[in-house]
Amino acid sequence: MTHEQSRDLYDRALSVMPGGVNSSVRAAIEPYPPFAERGDGGHLIDADGNRYVDWVLGLGPLLYGHDTPDPVQAAVQSRASEGPMYGMPTEVEVEHAEFVARHVPSVEMIRFVNSGTEATVSAVRLARGYTGRNKIVVMQGGYHGAQESTLVEGDADHPRPSTAGIPQSFAQHTLPVPFNDAEAAREVFEEHGDDIAAVLVEPLLANKGIVTPVEGYHETLRDLTEDHGSLLIWDEVITGFRVGGLQCAQGKYGITPDVTTFGKIIGGGYPVGAIGGRSEIIEHFTPSGDVFQAGTFSGHPVTMAAGLESLRYAAENDVYEHVNALGEQLRSGLTDIVADQAPEYTVAGVDSMFKLLFTRDAPDSFDGHCEAGCQQRPDCPRYDTCPKNGADVAAGETDRWRRVFWPKMKEQGVFLSQNQFESQFVSYAHTEEDVETTLEAYKEAL
């Protein structure tokens with residue numbers, strides 16, 4: 001492969017954009033990122049004409065790959081031809097809200113916004129306004145967008161900003177605890193329960209290598225929040241309408257949160273976010289309540305049409321059966337490869353998400369028979385060595401992924417997420433041939 005055009009574009013970008021990109025993760029590739037030219041089904045073509053099997057899919061929104069179904073295309077084109085936007089409500093917003101409320105167990109009412117970050121920012125403000133409390137419990141290694149309340153590291157006793165630009169006084173209202181640690185959750189409620197507005201948690205850590213919940217963990221968080229009058233907020237920006245199908249991850253895991261944040265797939269590949277939940281809570285947003293929230297582009301008609309038609313198509317076709325079957329094929333194939341070539345590594349994922357984690361520890365006795373994709377089952381021979389939280393993933397050979405493994409996969413025409421932590425996704429446009437091509441590339445790269 002040649003990459004001269006991408007190199008030239010990156011040189012130009014560096015002079016007008018910080019780091020040459022508009023989202024930091026895109027620059028995680030050294031010495032420079034490939035620039036995309038166009039998509040084709042489950043494939044991506046870069047500025048130099050190189051073709052890749054694309055498992056990044058815009059970091060998750062592209063349930064259908066780069067070729068959206070005809071009804072979605074028609075809806076987008078029709079809305080776009082009627083004018084960009086109005087600053088007034090439209091019928092398609094109502095239809096989209098009705099569809100989501102009809103399918104997602106926890107959603108009675110919803111507010112559409114413009115990004116996953118905006119959704120979680122608004123959800124945190126809503127929780128504080130609804131409860132009259134200040135503190136938010138988050139998971140170490142969880143990700144909830146680029147916002148002040150969650151860009152916090154450390155632990156509940158010593159929270160601190162994870163980036164410049166956030167005052168330490170802000171971080172004091174955020175209480176980080178380890179994911180999957182029920183005892184740590186109980187302890188933070190024992191100490192701060194009267195001032196905890198909400199627990200903000202992903203159903204599974206989706207930006208830290210994919211870490212699935214251990215049995216009973218989410219039930220513990222649900223019980224603790226109910227007992228202390230706090231809200232349980234599930235961040236389904238990534239898992240929403242991907243894990244668990246139309247009921248989302250909350251349907252798969254059988255948990256009903258008070259508030260859910262959405263993004264990515266709910267907008268059909270266009271900029272979107274949303275906050276849904278019980279009516280008595282969501283109605284605290286202005287103008288019906290006292291928690292201010294507004295946005296010029298919220299409920300944008302093109303985005304609403306794309307999102308609604310995307311979900312309708314999934315409801316009427318075998319979309320989830322297809323992507324989940326390919327996800328299982330990928331994880332199963334990777335499990336066999338790892339057992340033979342790198343038994344210390346861990347295959348993670350669920351439904352149409354997958355990731356190979358460069359963990360360092362292998363079981364004392366492991367014959368390769370492992371459930372494809374770590375589901376945190378105690379009867380699995382790898383249970384004790386599977387990552388249980390973000391720190392477990394971060395302790396792996398993350399630098400090897402970036403420096404050695406990712407470039408080898410790219411040169412074989414397979415495009416993976418740019419670091420060890422971002423998830424990878426299957427689309428409706430992918431085929432069994434794409435899976436086999438990818439598995440052969442994994443064998444060679446490993």
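Where does Lys 388 lie? In this predicted model, Lys 388 is placed in the loop between S14 and H12, and the close-up views below take up that loop together with several other parts of the chain.

**View 1. Surroundings of Lys 388 in the loop between S14 and H12.** Lys 388 has a relative accessible area of 15%, and because this value is under 20%, Lys 388 counts as buried. A polar atom of the Lys 388 side chain lies 3.0 Å from the backbone oxygen of Cys 386.

**View 2. Aromatic pairs made by Phe 358.** Across the whole structure, a search finds 14 aromatic pairs. One of them is formed by Phe 358 and Trp 401, whose rings are arranged edge-to-face, at 5.6 Å centre to centre and with 65 degrees between the planes. This pair links distant parts of the chain, since Phe 358 belongs to the loop between strand S14 (353–357) and helix H12 (390–394), whereas Trp 401 belongs to helix H13 (residues 398–411), 43 residues apart. Both Phe 358 and Trp 401 are buried. Phe 358 also forms an edge-to-face pair with Phe 405, here at 5.2 Å centre to centre and with 75 degrees between the planes. Phe 405 is in helix H13, 47 residues apart from Phe 358, and this pair too links distant parts of the chain; Phe 405 is buried, as is Phe 358. Ring pairs join these residues into a cluster made up of Tyr 345, Phe 358, Trp 401, Phe 405 and Tyr 442.

**View 3. A lysine over an aromatic ring, formed by Lys 208 and Phe 421.** The charged end of Lys 208 sits over the ring of Phe 421, at 4.2 Å from the ring centre.

**View 4. An open sheet of seven strands with mixed pairing.** The strand order is S4-S12-S11-S10-S9-S5-S8. The edges are occupied by strand S4 (109–113) and strand S8 (174–178), each of which has a single partner strand, so one side of each is left without a neighbour in the sheet. From one strand to the next, the twist averages 20 degrees. At the S4 edge, S4 and strand S12 (residues 273–277) run antiparallel and are joined by five bridges, and Arg 111 stands opposite Ile 275 in S12.

**View 5. Thr 90 and His 300, 210 residues apart along the chain.** Thr 90 lies in the loop between helix H2 (70–81) and helix H3 (91–103), and with a relative accessible area of 13% it is buried. The C-alpha atoms of Thr 90 and His 300 are separated by 8.8 Å.

**View 6. Cis peptide bonds and positive phi values.** Most residues other than glycine have a negative phi, and most peptide bonds are trans. A cis peptide bond, with omega about 0 degrees, joins Glu 30 and Pro 31, and Pro 31 is located in the loop between helix H1 (4–14) and strand S1 (36–40). Thr 286 and Pro 287 are also joined by a cis peptide bond, with omega about 10 degrees; Pro 287 is in the loop between helix H9 (279–282) and helix H10 (301–316). Cys 248, although not a glycine, has a positive phi of about 65 degrees; Cys 248 lies in helix H8 (residues 248–253) and is buried, at 0% relative accessibility. Lys 264, likewise not a glycine, has a positive phi near 50 degrees. Lys 264 is in the loop between strand S11 (259–263) and S12, and at 22% relative accessibility Lys 264 counts as partly exposed.

Notes:
Residues numbered from 1 in each chain as written. Predicted model: local features only at pLDDT ≥ 70, side-chain atom pairs only at ≥ 80, totals over all residues. Heavy atoms only, no water. Phe/Tyr/Trp six-rings, centres within 6.5 Å; stacked < 30°, edge-to-face > 60°. Helix = DSSP H or I, 4+ residues; strand = E, 2+ residues; numbered from the N terminus. Buried < 20%, exposed > 50% of the residue type's maximum accessible area, 1.4 Å probe, protein only. Lys NZ or Arg CZ within 6 Å of the ring centre and 35° of its normal. Polar contact = N/O pair within 3.5 Å; in protein donor to acceptor, adjacent residues only side chain to side chain. Pairing = 2+ DSSP bridges. Axes fitted to C-alpha atoms, helices over the stretch in contact; angles between N-to-C directions.
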